[in-house]
Structures are given as structure tokens and as C-alpha cells.
Amino acid sequence: MIQKLAVLFWRDWLNARSYRMAFLLQILGSAVPLIVLVFMARLFSGANVQGISRYGGDYVAFFMLGGVVATYSLTALSAFSTGLRQSQTTGTLEVLLLTRANLFTIMFGWALYPFTRATIQMLLHLVVGFLVLGLQFGNADLLAVFASFILTIGAMVGLGLIAASFTLVFKQGDPFTAAITTASVLVSGVFYPVDVLPTWLQGISVLIPQTHSMESMRLALLQGYSVTDLAASLGALVIFTAVLIPTGLFSLQVALNRARVVGSLAHY
Amino acid sequence: MSEIAISVRDLAKRFPQSTSFRGVLTFWNNHYTTALDGVEIDVPAGGIFGMLGANGVGKTTLLKILAGLVVADRGTLTVAGHNLTQSPQRLKGFVTYVPGEERSMYWRLTGVENLQLFAVLYEVPRQQVTRRVAEVLEVVGLSEAAGRRVATYSTGMKQRLSIARGLLSDTEIMLLDEPTRGLDPVSARQLWAFIQDELVERRGRTIVLATHNMEEAATLCGQVAIMHRGRVRACGSVASIASLVNADKHYRIELATLDSLAMQELSQMTGVLSLECSPPNGHAHYSLELTLEHPEVLIPQVVRKLAMSGGQVLEVKKVEASLSEAIEALGKEG
């Protein structure tokens with residue numbers, strides 16, 4: 001399986017590299033959020049924002065981590081359905097399914113390259129935050145950061161698989177990704193803490209995995225909270241992962257079976 | 001492998017027509033298109049079996065069911081002696097489907113990169129990937145173009161690359177879906193030679209070939225199934241299929257001389273279904289083509305009449321219908 005995943009990653013790397021202009025623009029485009037961060041750092045330099053005091057009060061750090069987690073989770077959410085969609089439109093879905101690789105290997109193969117790109121981008125942001133913006137990660141609890149990171153991926157992969165099921169059935173206009181993306185930007189605390197939302201929206205935010213990802217990542221990285229301190233957030237992410245991954249795998253299998261029954265595997 | 005490579009019994013498939021949003025959302029749907037309706041075929045091992053018919057008669061659907069890409073509504077499917085009706089996912093161990101369309105490759109990757117990718121996905125042992133890829137590229141005559149992007153390949157080259165990918169899977173049965181679609185006559189003949197010489201004779205593969213090209217079927221296929229509206233209308237050798245149409249009713253009479261009055265009388269004779277005469281254009285004799293209701297009775301009468309009118313009969317021959325005539329006739333019957 002590892003060999004198959006490696007060759008699928010290699011395919012996407014070769015494919016991405018072959019579009020030279022897009023590849024270049026992608027690299028340049030990843031610098032844009034960094035530039036925004038630098039200007040925000042100037043604006044908020046030394047300001048202590050009361051609403052985010054439990055995260056250390058530094059809005060630039062708060063905003064940067066929110067952006068990093070949001071970008072990463074949305075990559076996980078869209079990677080599977082984007083890969084599937086490309087495979088539908090390029091006519092390669094059927095021939096991939098005819099190989100000895102199972103559906104899940106093929107699906108994870110589609111996600112590897114975007115995940116790698118998002119990870120590099122995330123690390124770049126953290127390095128720039130540390131070196132250029134002077135953000136302090138000295139107190140970070142690395143075990144808690146790692147746990148939060150892995151569980152965020154787990155929960156978002158589950159959501160991503162469900163989104164891919166919609167793509168397999170509806171081809172375009174997946175309502176699931178749109179709903180999750182909108183909800184996560186609005187109520188999961190990317191740009192502002194969840195506390196500022198009306199109570200009913202706070203209730204909704206609890207149901208979104210990114211809310212717990214942002215919370216645990218910020219507190220672990222900026223305030224040094226341990227796994228025990230973050231039991232509530234990490235526990236929520238464990239539940240999301242445990243529920244969403246099997247649900248995603250199941251829904252994908254159902255969608256594949258349906259496509260085989262209605263003969264729509266080659267449709268796009 | 002058993003004598004019969006593939007056996008299909010009472011295979012049926014209907015596709016729902018998504019005429020409304022409800023149709024997309026639900027499995028229950030009142031609007032269906034029948035693709036296959038009780039198909040029965042036996043594909044002998046080790047030869048080329050043709051599935052012939054016009055566009056939309058169900059050839060591709062049948063191939064996709066045989067490949068496990070589409071699930072049949074009913075029927076049984078036995079491949080190499082294994083009943084795989086309930087486990088279509090196991091079909092990939094026995095058959096390789098080579099789609100007819102050009103889009104099934106990664107066009108931004110080179111030919112060799114495409115094959116290396118699929119070799120790993122087909123579980124070719126890691127240390128053998130390079131050798132096997134080079135070997136199949138050599139077999140399909142693409143070694144020199146292997147380092148070029150697939151986007152720069154001609155239609156024929158893409159078809160050959162697609163077959164090369166099929167060879168990597170190492171299954172005994174290959175399903176070729178209109179392999180010469182879009183090819184010029186010279187490239188098509190080269191591909192026919194490759195299928196016959198390399199795939200069948202050298203490698204002993206069983207080939208199921210879907211085509212609407214009569215010449216292709218007549219040249220390559222030991223047996224053919226004529227499909228029409230989701231059903232197999234006839235199955236057997238090309239000669240036996242052709243003989244089904246106006247069997248024993250079609251005759252050609254060669255004459256040194258021919259009287260026009262005799263021609264007129266023949267055309268009015270009871271039991272003469274059709275009559276055509278070719279003048280001695282470049283030949284030293286006339287050629288009379290007749291379709292007769294009861295030839296055993298009528299042929300002596302016709303010959304007598306021609307002789308009596310001064311015609312010199314050189315030869316009387318039974319004529320087999322061509323495959324395309326057979327398909328046309330079988331289609332009209334249904």
C-alpha cells in the first residue's frame with residue numbers, strides 16, 4: 001500500500017510540476033497570507049486584545065494560528081473530492097478502479113500531495129511567525145500540539161471522505177463542502193474567539209471539529225497547555241475522528257456502489 | 001483455464017434516467033433505459049470474440065459488467081470457471097478492460113511514467129517494474145516515444161499505450177472496447193495485426209472485442225455475437241452468422257450471353273425475391289444475382305429458362321451474405 005501511495009504522490013507531483021505557470025503562481029500565492037500577517041503584526045503590534053487573553057492576548061499569533069489550522073483543515077476537507085473530480089473529468093477514475101489498488105488507497109493517494117503542500121505551507125507560516133513576527137512558541141507543549149494536529153487531520157479526513165461521496169454522486173455542486181467551509185470560517189474561531197458569538201451560534205460551533213482544533217492548537221502552542229489540560233477539546237476531536245472516518249468510508253462505499261449500479265462512474 | 005473463458009447467462013441491465021432532481025436523489029425511478037436484456041454468450045478461451053452492433057446496443061455496458069465497473073440487475077457471470085456474479089470486485093483478477101476512449105491516461109505525464117504508475121498499481125513486483133514497462137512499450141512499438149508526454153501522442157499511439165497498460169495486468173482475458181475507433185485505416189490494420197499476432201498467438205490471451213466495424217470483426221474474430229437493442233440476436237462464426245440471412249436463398253449465375261427478354265421473364269417469376277444483373281464490365285461474362293424463395297425448386301427452372309432463351313450458363317453459385325448485411329437484416333427482424 002505504501003508503494004502505491006508513493007506512486008500516486010509521484011503522479012501528482014509530476015502533474016503539478018508540468019503546469020509551470022500554475023506551479024509558480026502556487027508558490028507565490030502561498031506568500032500572500034504571510035504578507036497579510038506582516039501588516040497585521042504592524043497594526044496590532046503591542047496591542048493586548050482582551051477577548052483573546054486566554055490565548056496570550058497577541059492577536060497576530062491568534063490570527064496566524066487560526067489561518068494555519070483553517071487552511072490545513074480545508075485542504076483535508078477538499079483534497080479527496082478535488083482528486084476524485086479531476087479523475088472524473090480526465091477519464092482516469094475507471095482505469096484506477098480497475099487496478100489492484102482499492103478505493104481507499106486511491107482516495108488517500110489523491111490527498112497526499114495537497115496534504116504535503118499544506119504541511120509545508122503551515123510550517124513556513126510557523127517559521128515566519130517565529131523568525132519575522134517574533135511570535136513565542138517557547139512554552140509550547142509539543143505532545144499536545146502533535147495530538148491536536150493528528151486528531152484534526154483525522155476528523156477532517158472523515159469529513160473529506162463524506163464530501164467525496166457527494167462528488168461521486170452529484171459530480172458538481174457538493175453541498176457538504178460548501179456548508180462545512182462556510183460554517184468553519186464563520187463560527188469556528190478563525191478570526192475571532194468563539195466567545196464573541198451569540199449563544200446559539202456558540203452551540204453550533206461546538207459541532208464543528210475545527211472549533212476544537214483551533215482551541216487546542218492555540219492553547220498548546222501559545223500557552224503550553226498539556227494533553228490533560230486540553231482533555232475537552234482533544235476528547236471532542238477523538239469523538240469526531242471515531243465517528244467521521246467510519247462514516248466517511250461507509251458513505252464512500254455506498255456512493256461507489258450506487259455509481260456502479262447507475263453506471264455513472266465515467267460521467268462528469 | 002476452462003474451455004469457455006466467459007459465460008454469461010440472462011444478463012440484464014437498465015439504467016435510470018435522471019429526468020428530475022428526485023431521480024438524482026433516489027434509487028427508485030420510473031424512467032429507465034434498457035441496456036441489456038437477457039444476454040447469453042459463451043466466449044471460448046484463446047481466441048478473439050467479437051461483439052458487433054451499432055452504437056448504443058449495449059456492447060460497452062456488457063464489457064463494463066465483465067470488468068466489474070457496472071453491476072448487472074440480474075443474470076449470472078462465470079469467468080474462467082468461477083461464478084463471479086456476486087463478487088464483481090474479483091473480476092479484476094481475471095479480466096483487463098481496455099477502454100476505447102483516449103482520455104484514460106494522464107496526458108501531462110510521459111508514456112513511460114504512465115505505465116510505471118499503473119505497473120505499481122497492478123502490483124508488478126518493484127524490481128520488475130522497469131523491465132516490464134520497457135517490455136510492453138517494445139511490444140506495442142512505443143519505445144521511442146516513451147519519453148514524450150502522452151498529450152503529444154496520436155490517437156493510434158494512445159490506443160497502443162492503453163493496450164500496453166492492459167498487458168501489465170497479466171490477466172488471461174482482455175476486453176477491448178472499440179480499439180480502432182478514430183484510427184486511420186493503416187493504423188487500424190497495424191493494430192489488428194498486433195492483436196492477432198502478439199496478444200492471441202504469442203501470448204495466448206482471450207480477447208473480447210467490441211466493435212461496429214464489420215471489416216475488423218470479419219478479419220479478426222473467430223466468433224461474433226450480433227447485438228441489437230440489448231440482446232444477442234445471433235452468435236457463432238462469421239460464416240454461420242452470414243448464412244443466417246437469406247440462408248441458401250442467395251445465388252449468383254455467371255453467363256456468357258444474356259437475353260433481355262429472359263431477364264424480364266425471370267423478374268416476373270413467382271418466388272424470385274430479387275434480381276440484379278451486372279453487365280460484362282471488364283469481365284467476359286454477365287453476372288446475375290438472385291434471391292429465391294425456394295431455390296431447390298427454382299434454380300433448375302431459372303437455368304432452363306436462361307438456356308432456352310439462348311443464354312450460355314457458365315456457373316451457378318450460392319452466395320453468402322456479408323456480415324454487415326447479416327447485421328442489418330437481424331436488426332430489421334427485431
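This is a short tutorial dialogue on reading features of a predicted model.

User: Let's start with chain A. Which secondary structure elements does it have, and how many?

Analyst: A quick tally of helices and strands is a good opening move. Chain A has 11 helices and 0 strands, so its pattern along the sequence is simply α-α-α-α-α-α-α-α-α-α-α.

User: What does the radius of gyration say about chain A?

Analyst: You compare the value with what a compact globule of that length would give. For 268 residues that would be near 18 Å, and chain A comes out at 19 Å, which agrees. Its C-alpha atoms fill a box of roughly 60 × 40 × 30 Å along the principal axes. Buried residues make up 43% of the chain. As for contacts with a separation of 6 or more in chain A, 79% of them involve residues 24 or more positions apart.

User: Over to chain B. Where do its domains lie?

Analyst: The domain assignment gives domain 1 as 4–243 and domain 2 as 246–321. A handy follow-up is the distance between C-alpha centres, which here is 44 Å.

User: How do I read a single helix, say α5 of chain B?

Analyst: Check the span, then the burial, then the neighbours. Helix α5(B) covers residues 155–168, and its 14 residues reach 20 Å from first C-alpha to last, close to the 20 Å expected at 1.5 Å a residue. On burial, 11 of the 14 residues are buried, so the helix is largely enclosed by the rest of the structure. Among them are B:Lys158, B:Arg160 and B:Arg165, along with B:Leu161, B:Ile163 and B:Leu167. The buried residues pack against β6 (95–98), α3 (111–121), α4 (129–139), β7 (173–177) and α6 (185–202) of chain B. Just after the helix, B:Asp170 takes a positive phi of about 60 degrees.

User: Which other residues of chain B have a positive phi without being glycine?

Analyst: Two to look at are B:Glu178, at about 45 degrees, and B:Arg229, near 50 degrees. Place each one in its loop, then count its neighbours. B:Glu178 sits between β7 and α6 of chain B, and counts as buried because it has 22 C-beta neighbours inside 10 Å. B:Arg229 is in the loop between β9 (223–228) and β10 (231–236) of chain B. With 16 C-beta neighbours inside 10 Å, B:Arg229 counts as partly exposed.

User: And the nonpolar cores?

Analyst: In soluble globular proteins, nonpolar side chains tend to be buried together. Here the largest nonpolar core has 147 residues, and B:Leu66, B:Leu175, B:Val208 and B:Leu209 touch the most other members. Helix α4 of chain A (residues 59–90) gives the most to this core, with 17 residues. Leaving out residues up to four places away in sequence, B:Leu175 touches B:Leu63, B:Leu66, B:Ala67, B:Val95, B:Thr96, B:Tyr97, B:Val98 and B:Val208. There is also a second, separate core of 11 residues, including B:Ile253, B:Leu266, B:Leu292 and B:Val302.

User: Last one: how many residues of chain B are in contact with chain A, and which element of chain B gives the most?

Analyst: For an interface, count the residues on each side, then ask where they come from and what class they are. Here 23 residues of chain B are in contact with 22 of chain A. On the chain B side, the elements that give two or more residues are β1 (4–16) and α3. α3(B) gives the most, with 5 residues. By class, that side has 15 nonpolar, 1 polar and 7 charged residues.

Definitions and conventions. Residues are numbered from 1 along each chain as its sequence is written. Chains are lettered from A and ligands numbered from 1 in the order in which they are written. This is a predicted model: local features need pLDDT of at least 70, side-chain atom pairs count only at pLDDT 80 or more; totals for chains, interfaces and linings use all residues. Domain bounds come from an automatic or database domain assignment. Helices (H or I, at least four residues) and strands (E, at least two) are DSSP runs, numbered from the N terminus. The expected span of a helix is 1.5 Å times one less than its number of residues. A residue is buried if 20 or more other C-beta atoms lie within 10 Å of its own, exposed if 12 or fewer, and partly exposed in between; C-beta atoms are placed from the backbone. Two residues are in contact if their C-beta atoms, placed from the backbone, lie within 7 Å. A nonpolar core is a set of buried Ala, Val, Leu, Ile, Met, Phe, Trp, Tyr and Cys residues joined through C-beta atoms within 7 Å. The radius of gyration is taken over C-alpha atoms; the globule rule is 2.2 Å times the number of residues to the power 0.38. Ala, Val, Leu, Ile, Met, Phe, Trp, Tyr, Cys and Pro count as nonpolar, Asp, Glu, Lys and Arg as charged, and the others, Gly among them, as polar.
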